[in-house]
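Trainee: Please take me through one part closely. By class, what does the lining of the second largest pocket have?

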Amino acid sequence: MLLEIPGVLDAQKLAQARALIERGRFVDGRLSAGKTAARVKHNEELKSDARLMESLNSLVMGALLQHPLFQAAAMPCRVATPYYARYTTGMSYGDHVDDPVMGPPGGQYRSDVSTTLFLNEPDDYAGGELVIDTTYGEQQVKPAAGSAVIYPSSSLHHINEVTSGERLVAVTWSQSMLRDPDKRELVFQLYQARESLLESQPESATATRVDHAYVNLVRMWSEL
Ligand code: NI
């Protein structure tokens with residue numbers, strides 16, 4: 001499932017995040033890549049002092065983790081500290097799947113859900129689409145600033161070359177309580193049906209039944 005979540009960061013938080021990023025410096029992104037990814041990775045990553053990174057992470061991750069659609073679609077139990085990536089003219093990230101296990105020894109987690117948060121507007125750069133290979137073919141996304149896009153970490157994906165301007169994103173990974181992407185998708189569909197029923201006919205027996213089925217399906221399938 002490829003899902004776009006608009007408005008994770010509002011204009012004010014975006015401005016704050018960009019101001020913090022401007023105070024840092026960018027280094028070659030290949031330094032943090034796994035062996036195979038390093039061959040195709042061509043971007044830059046923010047390296048900054050711990051205090052600045054902490055402010056930035058709590059701003060960005062606070063907004064993402066509080067978003068009900070992110071919670072419902074990713075069902076995260078562990079979430080990585082994000083990377084901040086910059087693609088300037090000529091930069092791209094070729095086809096790859098994300099590393100399966102991330103984090104330092106003792107604090108490792110499995111990457112089930114990849115999340116990209118777009119920190120600048122699509123008009124600020126040409127190219128730079130996130131292209132994901134799905135069961136229905138390739139899907140390209142280049143959403144508005146403040147949007148998040150989530151997709152299974154197991155899917156083959158790449159970033160098209162930026163041909164002008166600058167693409168700025170935060171990228172993070174979650175271990176999900178629902179490891180299987182098909183189960184996650186099914187549970188998310190039921191969540192959407194439940195939300196719609198609770199909105200349109202909260203007192204109905206159908207809303208109650210769907211709510212119970214959702215809650216107990218999550219209980220049945222969740223692994224922590
Ligand atoms: Ni990736």
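Mentor: The lining of the second largest pocket has 7 nonpolar, 5 polar and 3 charged residues. Ala, Val, Leu, Ile, Met, Phe, Trp, Tyr, Cys and Pro count as nonpolar, Asp, Glu, Lys and Arg as charged, and the others, Gly among them, as polar. This is a predicted model, in which local features need pLDDT of at least 70 and side-chain atom pairs 80 or more, while totals for linings, chains and interfaces use all residues. Numbering starts from 1 along each chain as its sequence is written, and side-chain values use heavy atoms, without hydrogens or water.

In all, 15 residues line this pocket (an open set of 1 Å grid points over the protein atoms alone, fitting a 1.4 Å probe, with protein on both sides within 12 Å along at least five of seven lines; lining residues have an atom within 4 Å of a point). Nearest its centre lie Met1, Thr134, Thr135, Pro152 and Glu185. Two or more lining residues come from each of β12 (130-134), β14 (148-152) and α5 (181-200). Domain 1 (3-176) and domain 2 (181-221) each give at least three residues to the lining.

The volume of the second largest pocket is about 310 Å³, whereas the largest pocket has about 750 Å³. The largest pocket is lined by 42 residues, and closest to its centre are Ser32, Lys41, Glu45, Tyr83 and Trp173. Its lining has 24 nonpolar, 10 polar and 8 charged residues. Elements that each supply at least two of them include β2 (25-28), β4 (44-47) and β16 (162-176).

How values were computed. Points joined across faces, edges and corners; volume = space filled by probe spheres on them. Helix = DSSP H or I, 4+ residues; strand = E, 2+ residues; numbered from the N terminus. Domains from an automatic or database assignment.
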